[in-house]
Structures are given as structure tokens and as C-alpha cells.
Amino acid sequence: MAAGLQARSHGAFESTSDQQKAFRVLDLTVAVILIFLSMALFHIFAMLCIGDWDFWADWKDQRWWVAMTPTVLIAMPAAFQFIFWEKFRLPFAATLLTFCLVLAEWLNRVVNMHGWAYFPLDFVWPATLIPSGIILDTVLMLSGSYVITAMIGGMAWGALFYPTNWVMVARFDVPVNVHGFLMTIADTMGYHFVRTGTPEYLRLIDRGTLRSFGYDSVWLSIVLAMFASILVYFIGMTIGYLFTRSQFSWLKRV
Amino acid sequence: MYLERLEAKAGFPKAATLSIVVVLSMLAVWWPTVAAAHGERAEPPFLRMSTVQFYDTHWSAKTIKVNEEMTVSGHFRIVKNWSMSVSPPSLTFLNVDVPGPVMVREASYLDGANAIASTPLELGRDYEYKIVMRGRIPGSYHVHPMLDVRDTGALMGPGDWVTVEGDAASFTDPITTLLGNKIDLANYGLGAVVTWHVIWVVVALAWLMFWLRRPLLIPRYEKVMHGEGESLVSGTDRIVGIGFLVATLLIVMGGVLVTRAEYPVTIPLQSVWMRIPPLPEQPETVSMKVDHVVYYIPGRTVELWVNVTNHGAKPVRVGEFTTAGIRFLNASVSKADADFPPDLVAPNGLEVEPNDPVQPGETKSLHILMTSEIWETDRLAMLIADPSSRIGGLFMFYDPDGNRSIVEFNSEILPIFKRNETQQTAQASGG
């Protein structure tokens, strides 16, 4: 079999060693490009779709942030995951994207929001989806099924987001008395560190009817995120499928 | 060939010089210049004249040190004739316009009530505000009171320069939680946030390196295309995958348990709307009926023909017209406060004909001229480009004891491009 493979792809190289070196150079080149591309694409996607929810500590509420972030952000990992698994049997796309997103977000927060706009980093830190990405990848690798990945992995993706980040959020949700008002530390930071373009009323904090369904809206939001992530996973996967149909002729030629 | 090379060499210095000039010219575009503030002038005049009128604005200090406090205080009127181009102030937030959190907001008050939350405001009513700021990053900043209005945007009051001196590193923002812990908001919790991010980045890198270390694209693609994809994921890969899956779940669960033990009392983020009542209404001692208003463009003069009625017990005179934070003063009645930004005042900008007091019970026709280049420099003359060409503002009338009556003014305004048109208009109206 190995001989057959070599025979099939030997043409332009003088030896198998040369061929492997060339393939490795291509791997590394694509990997570097892919990391920067993923950082840029996923960062822009996240900023457009969840923006302020991820920017500020006082926007990370128990309803919209919990429900919106994983639901929206599973689309791109699903698409990439399909491409990498379908064409290369590589189960790391979701981890790669969530890893790149965190890098890009920290770059944005440190250079832009802290360096240029003077916000303290403890007020503008980003959330992470890396654990959700690892689960999504491992479920796909172990099951080899997109349906199971969507059902189990998608649910886990949505379910893990809040506990993963709650370990960072909790310390900002400690109560404070601010001139007679009960607020969290995060709320107080939002009040102290002036944002001229983000007045208080713009924050979507626990707004909606979810509280009428149950006392703890966070659990309902997590369940919503779990089910919505399944649906969005299929949408993202479909985009990946459409991409693989049209964009891989160049690799066949290589 | 040799000659071509020589020519190319001879041409090199010219090309290089040209290239350097081009590059330097391009760099000059991005060369940082001093930020001169005054972004408020970008707001169209109707937003500044037919929404909120700030007056009595006072900056308690023009220079503070890092960690020192200063206040911006004053009044504002939510005008009765609120522009129909924007949403009314059904929900607002008292804000302050500084270039980012170079100063922190310690407290803010509307009519003495805590203005930490958003509130609806009433048309035609006055409010008293106070914003307490504290220096954080050294520099000179233009500080404005500002009112954010839902579905409308930010409406700015007058601005003045405040200088923060000292060392930014010495800034602290201490608060005490309800559990009695003293913390500094300037760097609170960052260590834990970074630690968790580093943990997950390390786990992600381990998973990525586990796959990236082996041949990736073409060999794998080739195998998948020939139906040999199953061989690309080995039993070891699956075992490692299970290990990562379990480890990830354990780290998340362990983190939650540890954090819950560390922070047993947490509450949801708070977002409160409240209703702060306006200041008590003042009795209407003076009323004004507008005949017509023109803007004489070459003379940079707004001319009004109005009838003023004094309903009070004492004679009154027009002392000031305030709009968009700009003050036009009748020098014989009002003087500018020493600490008010001079670029926002026209000390002799208000002429009243006749300049005599309006006696109690009297109705007097007045021809008022407001002349200043501020109409142009502050871009209020851009009214002609607004969707509703109306001028608005507050007239301040004073009696001999210095008591003030504020009259809200709002009118159509016509541009006049030549003097004789003004005269004709004035004659036609009998002004």
C-alpha cells in the first residue's frame, strides 16, 4: 500500500525523503497561515456576533451571554471541523479555532482596549471556549459521526461554556454597596471606568421572560445554549460541506 | 548589456530618492498629531439645540493629581420642543465624555439622587446634575457632561480642559465588598483570569501539537481520498482523545468546585432603571412670543424679533442666550464666569434693542441680535443642513436683584445671504 502511495505521488520529487520534506514545508506553511487566518476570521466573527458581551466584565450576565456566546460561536468551528475531518481526518479544528480566538481576543484587549483606550485588563478580559472545542474535537474523533458530534458534542459545547468561564466570572459577581445601590464588582467597574459609547441602559442584563419560567435563569440559558448549539452546528457543518465541494480542486492538483 | 546596467545604476539614486519621498509622504499622513477634542462639533446643530440644554456648567478644578477628585456640575433643561428626528428621553443615562477611562467616575447625581442607573426624563423640565471624577492617567482632557438617550445617542454639554498630573502607576481604585474584603478595581482578579486562560491554552496546545507533529495535509488527504481514512486515527489516538476529554471535564468541574468554595456569595449583574423626578417647576414670570428669526450669514448674526411679556413683580432684562453650551451675553447685564471656557462665550454677543428693562405687566417688542464667529466655529450655522432647520435655546432674564427667569426658545430660522434681504424681512415684519 505504501509503495502504491509513493508511486502515486512520487512524480515531481527525486526521492521519498524529498517528497516528505516538501510536504512538511507545505504543512507548516499552511499551519502558520491557518493560525493567523483563523485568528482574524474567528475574531471578526465573534466581535460582530457577540461583541460587547465578551468585551466587558459587566456584560457577562447569566442569560444572554450564556445563551448567545456558545450558540453563535459554534458555527465556524463546525464548518472547519467538517473540512478538516472530511478531507484530512484531523480532529483539531474546534480546538484550533477556540485557541486562535483566545489569542486574537487577548491581542485585541491588551493592545487596543488596554493600550489605546486605557481600560484595565481585569475589566476587559475575554471568555474562553477552549474546553468546549476540545470536547467537540474528541467526540468527533471517537464517534466519527457528525450527527453524534452535533448531538453530544454540540450539547457539551453549550453546557461547558458557563462553568468554564464562571471560575473567572465568580470573583466579579461579589456584591458591593455603591452609594446605597447593591451592585456586583463588575457593575462597579463598568460605572467607574467610563465608556462614553456604552451607556448603562444598553447592557442586556437578564432582560426577557426567562425568569418567569424558573428562578435560576442561568440553568435555562445553558439548556437553551445546548439545544441551539446542536442546530447551529448543523448549519456550520453544511457551510463546511459546501466549501469542500468547491474549494479543494487545487489540492487534488497538488 | 553593460550600458543598460550602468544606466540602471545611474538611475538608482533618483529612484531611491523618489521612493523615500513617497514613503515619507505616506508616513506623514499617519504621523500622530495633537488631538484637539471638540468632537461635539460633529453633532448636527439640531441635536445640540433641540434636545438638551446644559447651563450653569462648572468644573471644580482644571488641574488634579492622579487619585484626586474633581466635579462637573450644573443644570440641564430637557427642551419642550424635542426634535422629532430623534427619540424622546424615555430612558437616559447621565454620562461624562472623556477620552476613555483616563478619569474614573466615583459618583454621579441627578437632583441629588444617585444616578448610577438609567432613568426617564420629562420634557420641558430642569435637572441638576453632579459628576465626581478622579484622575487616573496623566494628560489634558476635554471633559463634558453628557446625556445618553436611548435610540438617540450621546448628547454633549460644554467641555473644558482638565489636566491630570502625576504617575499613572500610583492609581488605585479601592472598594470594600459587602463581605468586608478590601479590593482594588485597578487590578482585581486579573491573576486568576490569566491563570485560567494559561491552563486552557496549555491544554489546547498539547492537543494541537499531538496532531501537528505528524504529516498533515497531502499524505492524509491522499489516504482519505483513497478510502483509507480509518487508518489515520489509531487506537493510541483514541486513548489520548479519551484522556483529553476526561481531563477537560475534570478540570472544568474541579475549577467550579474550588471557585464555589472560594466565592460562596455571588449575585447576578445588576441593571436598574429608576425614575428621578425633575426639579420643581419655577413660576413663569417671563414669556416670549417669537415673531421671526433669521441667520444673517455674512455677519454671523442671528436676529430675532420677539415680544416679551413680564408677568412678575420686578422689571427684567435679557442677560444671556444659551444654546449647545455656547453663551451669548448681554454685557450690560451679565458677565461670564471666570472659570467658564472662553471659547464657548461671546461676552458681547447679545444685543437687545431697546436694551431697557421690561416692566412688570408690560409686553415689549425686542429686536435681539446674537453676533459671534462662534456660530461658524462651533458649526451651529450648519443648521441649514439639518432635517429640521429650527433654532433652540434658553433665554436668561434677570431682575435687579439678580433673580433669574429661564425662558425656553424654539423657532424656525431662515438663512439670509444678503443684507438687503434681512432689511426687507425686517421691514416686512415691522421689526
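The following questions and answers walk through a predicted model with chains A and B.

Student: How many residues of chain A are in contact with chain B, and which class is the most frequent among nonpolar 48, polar 14 and charged 13?

Tutor: Two residues count as in contact when their C-beta atoms, placed from the backbone, lie within 7 Å. By that criterion, 76 residues of chain B meet residues of chain A, whose own contribution is 75. The side of chain A that touches chain B divides into 13 charged, 14 polar and 48 residues that are nonpolar.

Student: Where along chain A do the residues that touch chain B come from, if we look at elements supplying at least two of them?

Tutor: Several helices contribute at least two residues each, among them helix H2 (16-49), helix H6 (93-116) and helix H8 (146-169) of chain A. Two strands of chain A also belong to this list, namely strand S1 (175-178) and strand S2 (181-184).

Student: At what angle do H5(A) and H7(A) pack, and which residues make the contact?

Tutor: Two packed helices are described by the angle between their axes and by the distance between those axes. For H5(A) and H7(A) the axes are 12 Å apart and the angle is about 35°, while the crossing is right-handed. The contact residues comprise four nonpolar, two polar and no charged ones. They are A:Pro77, A:Gln81 and A:Trp85 from H5(A), together with A:Gly133, A:Leu136 and A:Leu140 from H7(A).

Student: Which strands are the edge strands of the five-stranded open sheet in chain B?

Tutor: The order of the strands in this mixed sheet is S18-S19-S14-S13-S22, and neighbouring strands are turned by 30° against each other on average, direction ignored. An edge strand pairs on one side only, which in chain B applies to strand S18 (350-353) and strand S22 (414-416).

Student: In which sense do S18(B) and S19(B) pair, and what is the bridge partner of B:Val352?

Tutor: Strands of a sheet pair through backbone hydrogen bonds, in either a parallel or an antiparallel way. S18(B) and strand S19 (residues 363-371) of chain B are joined over four bridges in the antiparallel sense. Within S19(B), the partner of B:Val352 is B:Ile368.

Student: Which element gives the largest share of the side of domain 1 of chain B that touches domain 3 of chain B?

Tutor: Chain B is divided into domain 1 (39-172), domain 2 (190-262) and domain 3 (286-429), and the centres of domain 1 and domain 3 of chain B are separated by 25 Å. In the contact between them, 21 residues of domain 1 meet 22 residues of domain 3. Helix H2 (45-49) and strand S1 (52-59) of chain B each give two or more residues to the domain 1 side, and the largest share, five residues, comes from S1(B).

How values were computed. Residues are numbered from 1 along each chain as its sequence is written. Chains are lettered from A and ligands numbered from 1 in the order in which they are written. This is a predicted model: local features need pLDDT of at least 70, side-chain atom pairs count only at pLDDT 80 or more; totals for chains, interfaces and linings use all residues. Ala, Val, Leu, Ile, Met, Phe, Trp, Tyr, Cys and Pro count as nonpolar, Asp, Glu, Lys and Arg as charged, and the others, Gly among them, as polar. Two strands pair if DSSP finds at least two bridges between them. Axes are lines fitted to C-alpha atoms, for helices over the stretch in contact, and angles run from 0 to 180 degrees between N-to-C directions. A crossing is left-handed if the near helix is turned anticlockwise from the far one by less than a right angle, and right-handed if clockwise. Domain bounds come from an automatic or database domain assignment.
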